[in-house]
Structures are given as C-alpha cells and as structure tokens.
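Hi,

Here is the structure I said I would pass on. Have a look at it first, and then read my notes underneath.

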Amino acid sequence: MALIETESLILKCYSLAEADKIVVLFTEDHGVVRAVAKGAKRLKSKFGSGLEPFSIVRITYFEKEGVELVSVQNIELLRSYFAAASDPEFLIKFTYLADLIVALSPPHDPNETLYRMVKACLETAEVDNARLLAIGVYFEIWLLRLTGLLPEWRRCSVCEREFLDGEITDLSANFQLLCTNCRRASSGRTIDQSHRTIYTAVQRLSPEKFTLAHGNERTHLAELSVVLKRIISQAIGREVSTEQAFSIYNSR
C-alpha cells in the first residue's frame, strides 16, 4: 500500500452508500484517479468543501495494488471555483470538459501539460465566462493534440501542398483537409481561412490571450467546435456534446 500526496482537480463526486462518496480526480502527477472519500456525506466531514467540483486541492490518498479505487485520507483546498460554477453555463461547459478528460485519458496516466492547460482554462473562464465558447474550443483542440488525435490542417492531405491565405478547403470523412484540386466531390463541409487561423492560434497562445484575440468570433468558433466534437465522438465511440455532459456522467 502506497501513500500518495499530489495536487489535483476535482472532476466529479457522487454518492456511495449512506455516508461515502466516489471522487473522480485529475491529478498533477498520476492522471485520472477514482477514489473513495469515507464519511464525506456526514455533516462534520473532515473533507469540508474540498470535494466541490472543479476545486484545486492538495490530496493525500492510499493506493493498494490490484484495487481500482484509492482511499482519500486528507484534502487541503487550494483554490475553489464554487462561485464561478454557480453560473449554469460555466457548470455545463466544464462538466462536459471534465467528461472529455475522463473519456480520453487512461487511468493513472500522468499528463502534466494537460493538467496545466485545464487549470489555465479554469482561471481564464472565471475571469471572463462570457467567452466560454472560446475556452471550449481551446480545450477541445489541445486535448485532441495531447492525445495524438488532432488532424494536420496546414496542408492538403493528398498533394501535401500548404494552403494559401484565404483558401477554402474541403473537410474529408477522416477530418483531414483537401484542396480544391484534390477533392473528388464536395463533402458539404468547408474549412476556411478563419477556421484555420483559430485552429493555429489555439496551439500558440495561452487561453487568456486566445480568448482576447478570438473570443468574439462566435460563428467560426461554433462551427469549428462542431467539427471537433465529431472527431471526439469518433474517438470515444459515442455522440458527445456540451448539453449531453450531465447525462453522460450520470450513466457511468
């Protein structure tokens, strides 16, 4: 049995028996971890408000070989997003994003870059939740990139020619882009220069700088998010959207 202490983001909590909770954690050092917090539902629980979704905590837990659920021993609250999560749009968006972390991150597989990105998105959304759409697109692109699922959109997937400024491209069935010369028939879904600019900007800017630069481009952000959700849905084998996030969690 190992005693582990690490920083973690609380993704989800749900009831277990009369007094306990299951906690889904995204830890800085150990990836996605599922834990039992015994007595967490009691009025005088030692965990206090540390189990609120999207809280950043310092957590100590016991991990036993061969047992999936670890046992939470202590939680120190480092930062709470309780006030921001009282906004339904913030709650829905980040519940959806938390579901994507669980769906695309193997358990106990550390990803420090992804962890830092999630924290940066939370901090940015707390300051300006009017740009949650931009935060969602930022998160989706980076999650796909860090899991090796993000397609290359700088050049045609057939002739490998880099796209020209202003060039309209065709989105293929496998989410690659085709130039006008290489496409055999239009797929009905085009990706223009504005989409590709946003796509590139996400990968070179912080969440704060990206939302400031592109947060008002709601039409292109929404169109791009539709494509990203299709890529994610194919990867995890089920339809997913922001509005479905709560039901997806509850079905686990």
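Below is what I found, going from confidence to the fold and then to some side chains.

First, keep in mind that this is a predicted model. The mean pLDDT for the protein is 89, and 93% of the residues score at least 70. Confidence peaks in helix α5 (residues 193-202) at a mean of 97, while helix α8 (residues 245-250) is at the bottom with 36. Residues 244-252 have a pLDDT below 50, although the model gives this stretch 23 contacts beyond near neighbours in sequence.

Now the sheet. Five strands make a closed barrel in the order β1-β2-β3-β5-β4, and the pairing is mixed. On average, neighbouring strands are turned by 50° against each other, ignoring direction. If you want one pairing to click through, take β4 (residues 56-63) and β5 (residues 70-79): they run antiparallel and are joined by 7 bridges. In that pairing, I56 sits opposite R79 of β5.

Two helices are worth turning on next. Helix α2 (residues 88-104) packs on the sheet, where it touches β1 (2-16), β2 (20-27) and β3 (31-37), and its direction is at about 120° to that of β1. Helix α3 (residues 112-127) lies across β1, β2, β4 and β5, at about 55° to β1.

Then the rings: I get 6 aromatic pairs in the structure. One of them is F26 with Y115, a tilted pair with 5.6 Å from centre to centre and 55° between the planes. F26 belongs to strand β2 and Y115 to helix α3, so this pair ties together parts 89 residues apart in sequence. Both residues are buried.

What about W153 and Y199, stacked or tilted? They are stacked, because the planes are at 20°, with the ring centres 4.1 Å apart. This pair also links distant parts of the chain, 46 residues apart: W153 is in the loop between α4 (132-146) and β6 (169-171), and Y199 is in helix α5. W153 is buried at a relative accessible area of 3%, and Y199 also counts as buried, at 4%. There is a ring cluster to look at as well, made of F54, F90 and F94.

Last, a lysine: K229 lies in helix α7 (residues 218-236). Is K229 buried or exposed? With 13% relative accessibility it falls under the 20% cut-off, so K229 counts as buried. Its side chain makes a polar contact with the side chain of S225, at 2.7 Å.

Cheers

Notes:
Residues numbered from 1 in each chain as written. Predicted model: local features only at pLDDT ≥ 70, side-chain atom pairs only at ≥ 80, totals over all residues. Heavy atoms only, no water. Helix = DSSP H or I, 4+ residues; strand = E, 2+ residues; numbered from the N terminus. Buried < 20%, exposed > 50% of the residue type's maximum accessible area, 1.4 Å probe, protein only. Polar contact = N/O pair within 3.5 Å; in protein donor to acceptor, adjacent residues only side chain to side chain. pLDDT = per-residue confidence, 0-100. Contact = heavy atoms within 4.5 Å. Pairing = 2+ DSSP bridges. Axes fitted to C-alpha atoms, helices over the stretch in contact; angles between N-to-C directions. Phe/Tyr/Trp six-rings, centres within 6.5 Å; stacked < 30°, edge-to-face > 60°.
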